[in-house]
Amino acid sequence: MTVLEQRGAYRPSPPPAWQPRTDPAPLLPDAEPYRVLGTEAVAKADPDLLRRLHAQLVRGRRYNTQATALTKQGRLAVYPSSTGQEACEVAAALALEERDWLFPSYRDTLAVVARGVDPVEALTLLRGDWHSGYDPYEHRVAPLSTPLATQLPHAVGLAHAARLKGDDVVALAMVGDGGTSEGDFHEALNFAAVWQAPVVFLVQNNGFAISVPLAKQTAAPSLAHKAVGYGMPGRLVDGNDAAAVHEVLSDAVRRARAGGGPTLVEAVTYRIDAHTNADDATRYRGDAEVEAWRAHDPIELLEAELTERGLLDEAGIEAARQDAEAMAASLRERMNRDPELDPMALFDHVYAETTAQLREQRALLRAELEAEQEQHGAQEGGAR
Amino acid sequence: MTTVAVKPATMAQALTRALRDAMAADPAVHVMGEDVGTLGGVFRITDGLAKEFGEDRCTDTPLAEAGILGTAVGMAMYGLRPVVEMQFDAFAYPAFEQLVSHVSRMRNRTRGRMPLPITVRVPYGGGIGGVEHHSDSSEAYYMATPGLHVVTPATVADAYGLLRQAIASDDPVVFLEPKRLYWSKDSWNPEHPTDVEPIGRAVVRRPGSSATLITYGPSLPVCLEAAEAAQAEGWDLEVIDLRSLVPFDDETVCAAVRRTGRAVVVHESTGFGGPGGEIAARITERCFHHLEAPVLRVAGFDIPYPPPMLERHHLPGVDRILDAVARLQWEAEG
């Protein structure tokens, strides 16, 4: 006789009926990345918007090549190029209203600049003169985040706070494919969905986390699929199709602003350059793969579409190029000046009120600088 | 300054009152964490706040410490003053990246444009019979992170006053609550509840002339008890309550040690790499010629916090403190 039989009284009853909270079907991403260019959908796109996207793409590409050149001249400590991903960057900035907030990762300088931040100030972190060069409140852009995915919960908190205050502000948070493996990605998405916070998460899946390909990063059918588990819609979009990324992001922003909650957008794109100038991409990928993606270039895709439809001519393309050249020339010229550094500022922004300990250390550095200057003056005097 | 003994209250009651008064005074103050809403917190520190101020101001979050602190960062960016609860000391570790990489640095990173007025409440320390991960003293980790204030009350008046100051501070404050003192009662003047010294100032809790005990948080009552016991043996011990580990009050500590010439640092976190080493070094650097004996430390052992049935062997008690004091004398006679 089993123990259960001995007890006799046990009568298993069925558990209470299980009801899923949400029908997962509408949350699931499409099987194929959404495209506008080269499809019928392009007829619905606003030609002015397409031309603006084009001009920004050209500008962004030129920014990438200029910044990369500056690393070779030693003017930048490092630059993570977003060449090939410009459509995601540009669409991110253009999908937002002025009152909205952008939370970029370290590769997203183009989105930051497209929001209106001074191109030189956007490079402060990468040049190494301070950790963030711009005032986050001026254009509502959070500082570039170096740790992966840690800026995502900030976006959720800010959007939540804005909604509590009655402001219809949306936060757009950008992250790479590698960042989706971090714990903060999970916690941010979960908080956003539970709080129904007006946040849009944009994953730029550019194929690699430094050298590790997506297949070693996740076993999910797509990164957009991850949304379903949190109870938010996932959208898959061709990240090299600026019109498509803009449309999908704009829909998500509208939905968030209207109280519909967060959306996860995966833009499938490719990092044409290495991770940074310090990386050797030939160790983990072949030329053929890179060339295949070059043939799906975001600028050429849009230019071809606009030219074919008579919305852009050689003169228009030339104007965009000249605008980009002027931006690059100004960037080059200003980056070639040595930044003004004040070592005493090291102690200025640790606490609202400097502590006694920091005041002592400040005095030490002041004395060292004065001694340095005296020595320098004595040497100059001797030379004369 | 001394507080008038008007009304006995527990530290837990003072903390609850501080949160309530801060929320009433400033609509930007938001309390958030695990179980802080309907339940009122596992220690009941947030009891009644959700009912009084609504769930938008006292929010039960998902169970995720990095998410709690990470979203608090964004809320602070938008002008709120989040007060987050980390349910137990060791539960705060998942939030360390947010604390170290962002909370402590955002002011510095943005050249002062984006200060983060966040208070992180961490119930800490042992002595309540908690199982693993419920009794850690993690103050050394926080102290080693520039940009954070690290504060810990030992009296009921300080529990109220320091918490109000922490919430009002434009800098992030790690507010360490000694959980074994939650139910301790002492004098408190609710008429002038904020009438305590500011963050950054240490206080002499017991004047004395033969040696100085330097301590904080849960070890303060132990040191006061040791000082009473030492009196019988002819030792007139001074007891300093640090209250604030960052900023550190070199002035009060050094003035005391110069008076007595002998010092023992007492805390229950580990001695190796612990706060006591830093404090002893600071005293030695500043007061070497006044010292009659080396600065000694009485700390927890350098072991993971022990299981509850063994914790009494780990925690610095009166006898261990008195032994150290006796060694001070021996060193002096040398």
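Start with the surface of chain B: about 12600 Å² is accessible, and carbon and sulfur atoms hold 53% of it. Keep in mind that this is a predicted model.

**Stop 1: chain B as a whole**

Switch chain B to cartoon. Look for 12 helices and 14 strands. Its radius of gyration is 20 Å, close to the 20 Å that the globule rule gives for 334 residues, so chain B is as compact as a globular protein of that length. Along the principal axes, its C-alpha atoms fill a box of roughly 65 × 45 × 40 Å.

Now colour by burial. Of the 334 residues in chain B, 63% are buried. Then turn to contacts between residues at least 6 apart in the sequence of chain B: 81% of them join residues at least 24 apart.

Colour the charges next. Chain B has 30 positive and 43 negative charges, and the mean positions of the two groups are 4 Å apart.

**Stop 2: helix α4 of chain B**

Select residues 96-103 of chain B. This is helix α4, and it is mostly covered: six of its eight residues are buried. Which residues of α4(B) are buried? They are B:F96, B:Q98, B:L99, B:S101, B:H102 and B:V103. Leave B:Q98 highlighted, as the tour returns to it.

**Stop 3: two backbone oddities in chain B**

Zoom to B:V246 and B:P247. The peptide bond from B:V246 to B:P247 is cis, with omega near -5 degrees. B:P247 sits in the loop between β12 (244-246) and α9 (250-260) of chain B.

Step back to B:R243. This residue is not a glycine, yet its phi is positive, at about 65 degrees. Look for B:R243 in the loop between β11 (237-241) and β12 of chain B. Is B:R243 buried or exposed? B:R243 is buried, with a relative accessible area of 0%.

**Stop 4: chain A as a whole**

Move to chain A. Its cartoon shows 14 helices and seven strands. The C-alpha atoms of chain A fill a box of roughly 105 × 65 × 50 Å along the principal axes.

Repeat the burial colouring. In chain A, 50% of the 384 residues count as buried. The exposed surface of chain A is about 18200 Å², with 51% supplied by carbon and sulfur atoms. For contacts in chain A with a separation of 6 or more, residues 24 or more positions apart account for 75%.

Show the charged side chains too. Chain A has 38 positive and 57 negative ones, and the centres of the two sets lie 4 Å apart.

**Stop 5: A:P153, touching both chains**

Select A:P153. This proline is in helix α7 of chain A. A:P153 is buried, with a relative accessible area of 1%.

What does A:P153 touch, leaving aside neighbours within four places in sequence? The contacts are A:D184 and A:A188, plus B:G70, B:T71 and B:Q98 from chain B. B:Q98 is one of the buried residues of α4(B) from Stop 2.

Now draw a distance from A:P153 to A:A192. They are 39 residues apart in sequence and 8.2 Å apart in space, C-alpha to C-alpha.

**Stop 6: A:V170, in a loop**

Select A:V170. The residue is found in the loop between α7 (151-164) and β2 (171-176) of chain A. At 0% relative accessibility, A:V170 counts as buried.

Show what surrounds A:V170. Not counting residues up to four places away in sequence, it touches A:D100, A:W101, A:P198, A:V200, A:V253, A:A256 and A:R257. Pick out A:W101. A:W101 is 69 residues from A:V170 along the chain, but their C-alpha atoms are separated by 6.4 Å.

**Stop 7: A:I210**

Go to the loop between β4 (208-209) and β5 (212-213) of chain A, where A:I210 lies. A:I210 is not a glycine, but it has a positive phi of about 50 degrees. A:I210 is partly exposed, with a relative accessible area of 45%.

**Stop 8: the nonpolar cores**

Finish inside. The largest nonpolar core has 88 residues; A:F201, B:L242 and B:I283 touch the most other members. Select A:F201. Beyond its neighbours within four places in sequence, A:F201 is in contact with residues including A:L152, A:V156, A:A192, A:M232 and A:V265. Another core lies apart from this one: it has 61 residues, among them A:V117, A:L126, A:L172 and A:A252.

How values were computed:
Residues numbered from 1 in each chain as written. Chains lettered and ligands numbered in written order. Predicted model: local features only at pLDDT ≥ 70, side-chain atom pairs only at ≥ 80, totals over all residues. Heavy atoms only, no water. Helix = DSSP H or I, 4+ residues; strand = E, 2+ residues; numbered from the N terminus. Rg over C-alpha atoms; globule rule 2.2 N^0.38 Å. Buried < 20%, exposed > 50% of the residue type's maximum accessible area, 1.4 Å probe, protein only. Contact = heavy atoms within 4.5 Å. Areas by Shrake-Rupley, 256 points an atom, 1.4 Å probe, with all protein chains shown as cover. Lys, Arg positive; Asp, Glu negative; His and termini not counted. Charge placed at Lys NZ, Arg CZ, Asp CG, Glu CD. Core = buried A, V, L, I, M, F, W, Y, C linked by side-chain atoms within 4.5 Å.
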